[in-house]
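Me: I want to learn to read a model like this one, feature by feature. Can we start with a helix and work outwards?

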Amino acid sequence: MRSVSRLPAIPLRVRLTLWYTASLALILLLFAAFLYLQLQRSLLSQVDVGLEVVAAQSLANLAAEEGRLSFQAGARNPQVAPRLNDDFVIYLLAPDGSVWDQIGRDDDAPLVPSPTAGVVTLVSGDGERWRMVNQPVGLDGTSGWVQVVQELEPVEQTLQSLLRQMLFGLPIAIVLAGIGGFFLAARALRPIDRITRTAQAIDANDLHQRIGYTGPADELGRLAATFDTMLARLDTAFERERRFTGDAAHELRTPLAALKGRIGVTLSQPRPPSAYVETLQEMEQQVDRLVRLSNDLLFMARLEGSQPHQQPEPVDLSDLLAATVDQMRPLADAKSIRVAEAIPGGLVIQGQMDLLIRLFLNLLDNAVKYTPANGQVTVQAQKQPQGVQIAIRDTGPGIAADHLPRLFDRFYRVEDDRTRQWRDNGQGGAGLGLAIAHEIVRAHGGTLSAQSEVGQGTTFFVQLPAAKVVLKVASSGS
Ligand code: ADP
């Protein structure tokens, strides 16, 4: 025997939560990175603006004397020039890189003796990062450089603090979202659990249970509704099977009980040989009925079981109907029933010959059986746009309207007393004839219906579809 090893399945709830948490974590990380870079850029550009402003203000505070430049006295006074005395170191450089003058002092502040105009980031010896702006200056024919430097530590502190908050906050947010996601997934999947539990609780003997989902008609709602519909169909099918088995058992038991009773009575005392012959003859009739019944049951089972495997063949319906009528004629003649037929020639359909013979024999047999002496049975066939329609009309007792809907059910009979047929050796069968006819028509893709008026007669309409109907003339090409 081949064994299939399967890894233990991770519950859907867990998988959903993991997917959700992973994608949320990714989105949050991307967002955090974006935020960090944006803040870094904006802080740096703020620093740059500050440096530029300070450089510009320095120019306004220059003095030239003896071929060298210096800051005016007021520039070093925080009251006069507060901005210049903030956290900046401002060098005034000679063209050779030597320092003419300076505002602010920081031993770590870098100095670039031969600068180029613009803003740069520098790293000093002890690893501190500085931002520097260089601007050429000239006053009264003397030129040099203004060099403004600012340490980037405050910016870096702000960024690090943001990073710390994010490193601390993100995992918490992700864990919380994961827990929330787990509960949401559990909640969303609860109807599935219910469907599973209901399905597990159902066995073939109890198909009345339903999921009864009351939520919205979303994917789960539709799943639950589909499941309920399927259960209803199974329920109906099982119920039908149960009824069928019960009815079949009943049908078989009644004649068997009658047979047994008859045998018992006959054997209860010695009788002349003629009495035994009479008993055996009666018994033979009943055994014949039992044989017919079991044949019908077998036929029905075969019809339902083997349908898809049989190939349809062209059947000349005109010939078939005429032959069936001829076969029934002796039975009709015996009851002085007139059989009229109006069947156009050349009606060919795709179907199964033996089934179609059985169909029309059943309908004609009923018509003759239920029509009293001197009545009339009419068989009419006509081509219609939708296909072929065959009407079998009789002048029998008719069928009351309340019986019509169940007429084609298996074992359904209009006369309620099931035992009567055996007692009287009467006309009624087991109630399978019309059910078989109905199955045959259905197998051909057609419909079988009945119209009846009590006291007037009954008409059975067989409708066979056009798609499967081919006129003989057309198909032979002549
Ligand atoms: P059965 O073998 O008992 O005739 P059917 O399935 O052929 O069973 O018919 C079911 C019931 O329909 C019968 O019991 C009979 O009462 C009624 N029925 C069928 N055909 C006719 C008809 N042509 N006229 C009146 N009643 C009919």
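Me: Which residues of α8 are buried?

Reply: Buried means under 20% relative accessible area, exposed over 50%, and partly exposed in between, with a 1.4 Å probe and protein chains only. In α8 the buried residues are Leu434, Ala435, Ile436, Ala437, Glu439, Ile440 and Val441. An α-helix has 3.6 residues a turn, so residues three or four places apart point the same way. Helices are DSSP runs (H or I, at least four residues), strands likewise (E, at least two), and both are numbered from the N terminus. Just after α8, Gly445 takes a positive phi of about 80°.

Me: What should I know about the numbers themselves?

Reply: This is a predicted model: local features need pLDDT of at least 70, side-chain atom pairs count only at pLDDT 80 or more, and totals for chains, interfaces and linings use all residues. Residues are numbered from 1 along each chain as its sequence is written, and side-chain values use heavy atoms, leaving out hydrogens and water.

Me: How many residues surround the ligand, and which are the closest?

Reply: A residue is near a molecule or strand if one of its heavy atoms lies within 4 Å of it. Here 19 residues surround the ligand, and the closest are Asn366, Tyr370, Asp394, Glu415 and Leu434. By class, the shell has 10 nonpolar, five polar and four charged residues. Ala, Val, Leu, Ile, Met, Phe, Trp, Tyr, Cys and Pro count as nonpolar; Asp, Glu, Lys and Arg as charged; the others, Gly among them, as polar.

Me: Which element gives the most to that shell?

Reply: α6 does, with four residues. At least two shell residues come from each of α6 (353–370), α8 (433–443) and β14.

Me: Which polar atoms lie close to the ligand's oxygen atoms?

Reply: A polar contact is a pair of N or O atoms within 3.5 Å; within protein, one must be able to donate a hydrogen and the other to accept it, and residues adjacent in sequence count only if both atoms are side-chain atoms. Asn366 places a polar side-chain atom 2.8 Å from a ligand oxygen. For Tyr370, a polar side-chain atom is likewise 2.8 Å from a ligand oxygen. Gly433 uses a polar backbone atom, at 3.3 Å. Alone, the ligand exposes 530 Å², and the protein buries 96% of that. Such areas come from the Shrake-Rupley method with a 1.4 Å probe; for residues, only the protein chains shown count as cover.

Me: How many aromatic pairs are there?

Reply: Rings of Phe, Tyr and Trp (its six-membered ring) pair if their centres lie within 6.5 Å; planes under 30 degrees apart count as stacked, over 60 as edge-to-face and the rest as tilted. The structure has three such pairs. Phe244 and Phe411 have ring centres 5.4 Å apart and planes at 35°, so they are tilted. They are 167 residues apart: Phe244 is in helix α3 (residues 219–267), Phe411 in the loop between β12 (387–394) and α7 (420–423). Phe244 is buried at 17% relative accessibility, and Phe411 is buried at 2%. Phe408 and Phe460 have centres 6.4 Å apart and planes at 65°, so that pair is edge-to-face.

Me: Which charge sits over the ring of Phe244?

Reply: A charge sits over a ring if NZ of Lys or CZ of Arg is within 6 Å of the ring centre and within 35 degrees of the ring normal. The charged end of Arg410 does this, 4.2 Å from the centre of the Phe244 ring.
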